[in-house]
Amino acid sequence: ISAETIRTELATRIETATGRATRIDGPVSFSVIPTARLSAEGIGIAGLASDTEAFSVESVSFGLSLLPLLTGNIEIYGVTITRPFILIETDADGRTNWSTDNAGIDASPGSIEDMIASTKPQEQTATEDTLTVLERLSIGRVKIADGTLVWRDIASDTEERLEEIDFDIRVPRLDGAGTAEGSFTRLGVRQSLELEVGERPDPNRLEAIPVALNLSADGGAITVTGTAMSGESLFEGSVETEGGSFADFAKIFGVDLPSLPAFGEFNTAARLNASATQIRVDEFALDFGGIKARGGAVVGLDRERPGVGLKLVAETIDTSLFVPEGESTEDGTVEPQTPGTAVSDEIDFSALRMVDANVEIAANEILIGTVPVTNVGIDAQLVNGALTANLRSAAVNGAPANGGISVDTNGEAPSI
């Protein structure tokens, strides 16, 4: 069989399966002895709502075990994908380059049976045939080298990128357990990820999926363990973080924190329940640079801006932990930081416009220098970019104290 015949047949089948124009402009090879193996280079698949390609790959190769074919099983092994590029682009009308019509699509069907029941009669046989093939399909190992994944929103002119994606994925059976481990770069920070997906109670239903995930980078790591897609819950389980520098670890979320003692060693633990409309955090405990607190939070997602309800109870908060450490002098002593010295030239209040919030904070003691402030209670509300915080209760050397602050970020310059 000539390479050109294979190239034409492969492109035709991809176009038929995806409904997208497909190019294969690199060399293609196919061998049968001693095992079946296919490789192709220069593959691109067009998007449906954009002139740009939704998917491209420098090269892909895989092997196919021949003996299992005699029993109707398909065993693919040694899949290697080099420099894949995936673009997920949303236009001003909310259409993506991966879908012809996003309207009326149920993104989270309850089960495979529900998917079949909602299929048009003429498509029923094709759906059943696809499920039968998936049950007989196994993929020993998939290796992804130097990939790129891009999310782009044309309406808001925003873009998110994952680059230098290197992953080793093992999925013995598509209806069973699997693992993925590797690394990628986001916001200039190299991150490592390990994911383990366990056996589902019912292989024919996309629910109650055991998951264990670990994400790590310079400064710390986050570990998530629990169950995904169980009833109305997208995820329910535990979330723990720990590390030697919270300031470094926060960079993976795009947050640039100053180098302060409070943002050094850290650990947190919580129970998390997330649905399409709400994220609930229970049994929350943290230790940041020696500051210990506990509490809980609820994040409402079914609104124009996320709404946050937060309650924290702290033991002792030493304000010196939020002051930059002094610089070392030539004789090895430390020059203390001058009180009131700014950490930076300006304060960025843009985060106050991202959410609405109702926060309640209590502390047994807050140390301001050598002065202890006890039985502290603070209430804060954040609405439409305007923050108001009131000192509900406090005592300085036994004498009651009160106060408050408001910050409005809606003008040309923040007013305090």
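I will walk through a surface patch, two residues with positive phi, and one buried serine in this model. Please keep in mind that the model is predicted, and that every value I mention is computed from it.

Let me begin with the surface, where F30, V32, I33, L66 and L69 together make up a nonpolar patch whose combined accessible area is about 480 Å². Within that patch, I33 sits in the loop that joins β2 (28-31) to β3 (36-46), and because its relative accessible area is 76%, above the 50% cut-off, I33 counts as exposed.

Next, the backbone. E283, which is not a glycine, nevertheless has a positive phi of about 50°, and this residue belongs to strand β15, spanning residues 278-288. Its relative accessibility is 63%, so E283 is classed as exposed. N375, again a residue other than glycine, has a positive phi near 50°, and N375 lies in strand β21, which covers residues 371-383. With a relative accessible area of 56%, N375 is likewise exposed.

Finally, I turn to S245, which is placed in the loop between β13 (233-243) and α4 (246-249). Is S245 buried or exposed? It is buried, because its relative accessible area is 16%, which falls under the 20% cut-off. If we set aside the neighbours within four places in sequence, the residues in contact with S245 are G219, F263, G264 and F266.

Note on methods:
Residues are numbered from 1 along each chain as its sequence is written. This is a predicted model: local features need pLDDT of at least 70, side-chain atom pairs count only at pLDDT 80 or more; totals for chains, interfaces and linings use all residues. Side-chain values use heavy atoms; hydrogens and water are left out. Patches are made of residues with over 30% relative accessible area and no salt bridge: like charges are joined within 9 Å, nonpolar side chains (Val, Leu, Ile, Met, Phe, Trp, Tyr) within 5 Å. Accessible areas come from the Shrake-Rupley method with a 1.4 Å probe; for residues, only the protein chains shown count as cover. A salt bridge is a side-chain nitrogen of Lys or Arg within 4 Å of a carboxyl oxygen of Asp or Glu. Helices (H or I, at least four residues) and strands (E, at least two) are DSSP runs, numbered from the N terminus. Buried means under 20% relative accessible area, exposed over 50%, partly exposed in between (1.4 Å probe, protein chains only). Contact means heavy atoms within 4.5 Å.
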